[in-house]
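Trainee: I've got a new chain open on my screen and I'd like to talk it through. Can I throw some questions at you?

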Amino acid sequence: MRTLKLASASAISLAAASYAGVTHADDLTLCWAAWDPANALVELSKEFEAESGHTMSFEFVPWPNFADRMLNELNSGGQLCDLLIGDSQWIGGGAENGHYVKLNDFFDAEGIAMSDFADATVYAYSTWPKGTPNYYALPAMGDANGWFYRKDWFERDDIKAAFKEETGRDLAEPTTQKELLEVAQFFQEREIDGQTVYGAAIFTERGSEGITMGVTGALYPWGFKYENTPGSYDMEGAVNSPEAVEALEFYKEFYKTATPPGYTNAYMGESLDAFKSGQVAMAMNWFAFFPGLYADPNTGGDKIDFFVNPPQNQPGSTLGGQGISVVSYSDKQEAALEYIKWFAQPEIQQKWWDLGGYSAHNAVLESPDFVESAPFAGDFLEAMANVQDFWQEPAYAELLLAMQKRMHDYVVADQGTAQEALDLLIADWTEVFEDEGKL
């Protein structure tokens, strides 16, 4: 990985102090993934263009290719992106390898307070080293992995009666991981209106990050930790704890007994397709997609409802979402900073939420009207209060590839035991951290 020094503090201070006086118009390029929130941001940014005189261009890359495309761009020192909404896991590499401009002086000069944003998003999207007041992004898009289900099916008298007879309890939104599996197994291969349906769509994709994001949806509620002591890289007994083994066995049982046939390499798109086509009773996916799901004319509206990833031993949701950073290789940093200042305004953050983006600004999230503003708003707040993220280390890509392989080999390909998969994962990660000089 190419290593470049961070831009000097004095240079950034100069940019922060002088950007407000910019008189020429720039064409800024903002890079992000291609998905519904990106379309909302295009609409929102029209207001910035009108106010600033700058024009906005956008480079949106489909999720399966997003990381490879953008990380290659950063590692090559490319100037495609002036602003980048990069995944939370990239923050360590973005900081240590000089890809992102450090924003502290700019925030101080412009009165942008990180305390105005939800703590979990500042920690995950903005800081490096983690938890320190060193900021390389503004929280841009809060997100977590959640669930949605066919509310119209759950409310049918015949289905409720059958569930009560089979389980002895009322059919309702699951309140634990084990209830989640029980509900999914109940719907598996059940006939509804002449069609065979299945329990749930979960993540199994191996190529990018899918199965890791799905498996952690079980691991975190069981109590999984990456380290016994944060920052120590002491993984033995944490990554492969008895609770982690049980959670991984649970996820495999879920895959084997409650998902559609042939669902061996599925991620965001496949989950959405399975639900919208009426194939499954429930599905996991990112909150980012929930506005579009609710608006769907066939399976949205009063046919759908949402719930937070259920707890088991504790609450826990897999973190998604991103911060927005100024790319250090851009020659338009002053105008890029102007965009960040504009985007950070509470009134713009409210419009961002109204358009279908997920604001991380407390003025939006703590508004008395927020919970009632969307059928998934309250679940979003609950999820963000209990999120955990993958390693944010500069070597995160190698760490992620190792977990993708071990999880897919065990869950989908039936190789070995859960204990063996987690033990092998520790060996993989130990090798990466040794190469990094951290062990």
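Trainee: How far apart are the mean positions of the positive and negative charges of the chain?

Mentor: Keep in mind that this is a predicted model. The chain has 26 positive and 68 negative charges. Average the places of each set, and the separation of the two mean positions is 3 Å.

Trainee: What radius of gyration does the chain have, against that of a compact globule?

Mentor: The C-alpha trace spans about 70 × 50 × 35 Å along its principal axes. For 439 residues, a compact globule would come out near 22 Å. The chain agrees with that, since its own radius of gyration is 22 Å.

Trainee: What percentage of the residues in the chain is buried?

Mentor: Buried here means under 20% relative accessible area. As for the outside, the chain exposes about 16,900 Å², with carbon and sulfur atoms supplying 48% of that. Out of 439 residues, the buried share is 57%.

Trainee: Among contacts between residues at least 6 apart in sequence, what share joins residues at least 24 apart?

Mentor: Some background on the fold: the chain has 19 helices and 10 strands. Take the contacts in the chain between residues at least 6 apart in sequence, and the share that joins residues at least 24 apart is 76%.

Trainee: Which residue does Cys 31 pair with in a disulfide?

Mentor: The count comes to 1 disulfide, with an S to S distance of 2.0 Å. It links distant parts of the chain, 50 residues apart: Cys 31 sits in strand β1 (residues 27-33), and its partner is in the loop between α3 (63-75) and β3 (83-87). Both cysteines are buried. The partner of Cys 31 is Cys 81.

Trainee: Is the link of Cys 31 and Cys 81 left-handed or right-handed?

Mentor: Look at the angle about the S-S bond, which is -95°. With that value, the link of Cys 31 and Cys 81 is left-handed.

Trainee: Which residue does a cis peptide bond join to Trp 128?

Mentor: Most peptide bonds are trans. In this cis bond, omega is about -10°. The partner lies in the loop between α6 (119-125) and β4 (138-150). The residue joined to Trp 128 is Pro 129.

Trainee: Tyr 233 has a positive phi in a residue other than glycine; is Tyr 233 buried or exposed?

Mentor: Most residues other than glycine have a negative phi. Phi of Tyr 233 is near 60°, and Tyr 233 is found in the loop between α10 (210-222) and α11 (242-258). Because its relative accessibility is 13%, Tyr 233 counts as buried.

Trainee: And Glu 189, is that buried or exposed?

Mentor: Phi of Glu 189 is also positive, near 60°. Glu 189 is in the loop between α9 (177-187) and β5 (190-192). Its relative accessible area is 57%, so Glu 189 is exposed.

Trainee: How far from Gln 195 is Gly 278 in space, C-alpha to C-alpha?

Mentor: Gln 195 is in strand β6 (residues 195-201), and at 36% relative accessibility it counts as partly exposed. Leaving aside neighbours within four places in sequence, Gln 195 is in contact with Arg 190, Ser 277, Gly 278 and Gln 279. Gln 195 and Gly 278 are 83 residues apart in sequence, and their C-alpha separation is 8.8 Å.

Trainee: What is the relative accessible area of Asn 104?

Mentor: Asn 104 is found in helix α5 (residues 104-110). Not counting residues up to four places away in sequence, Asn 104 touches Pro 133, Asn 134 and Tyr 135. Asn 104 is buried, with a relative accessible area of 15%.

Trainee: How far apart are the C-alpha atoms of Tyr 220 and Glu 366?

Mentor: Tyr 220 lies in helix α10 and counts as buried, at 1% relative accessibility. Beyond four places in sequence, the residues it touches include Tyr 226, Gln 314, Ser 317 and Phe 390. Glu 366 is 146 residues from Tyr 220 along the chain, and their C-alpha atoms are separated by 26 Å.

Trainee: Last one: is Asp 119 buried or exposed?

Mentor: Asp 119 lies in helix α6. Asp 119 and Ser 317 are 198 residues apart in sequence and 15 Å apart in space, C-alpha to C-alpha. With a relative accessible area of 65%, Asp 119 is exposed.

Conventions:
Residues numbered from 1 in each chain as written. Predicted model: local features only at pLDDT ≥ 70, side-chain atom pairs only at ≥ 80, totals over all residues. Heavy atoms only, no water. Disulfide = S-S within 2.5 Å. Helix = DSSP H or I, 4+ residues; strand = E, 2+ residues; numbered from the N terminus. Buried < 20%, exposed > 50% of the residue type's maximum accessible area, 1.4 Å probe, protein only. Rg over C-alpha atoms; globule rule 2.2 N^0.38 Å. Contact = heavy atoms within 4.5 Å. Areas by Shrake-Rupley, 256 points an atom, 1.4 Å probe, with all protein chains shown as cover. Lys, Arg positive; Asp, Glu negative; His and termini not counted. Charge placed at Lys NZ, Arg CZ, Asp CG, Glu CD.
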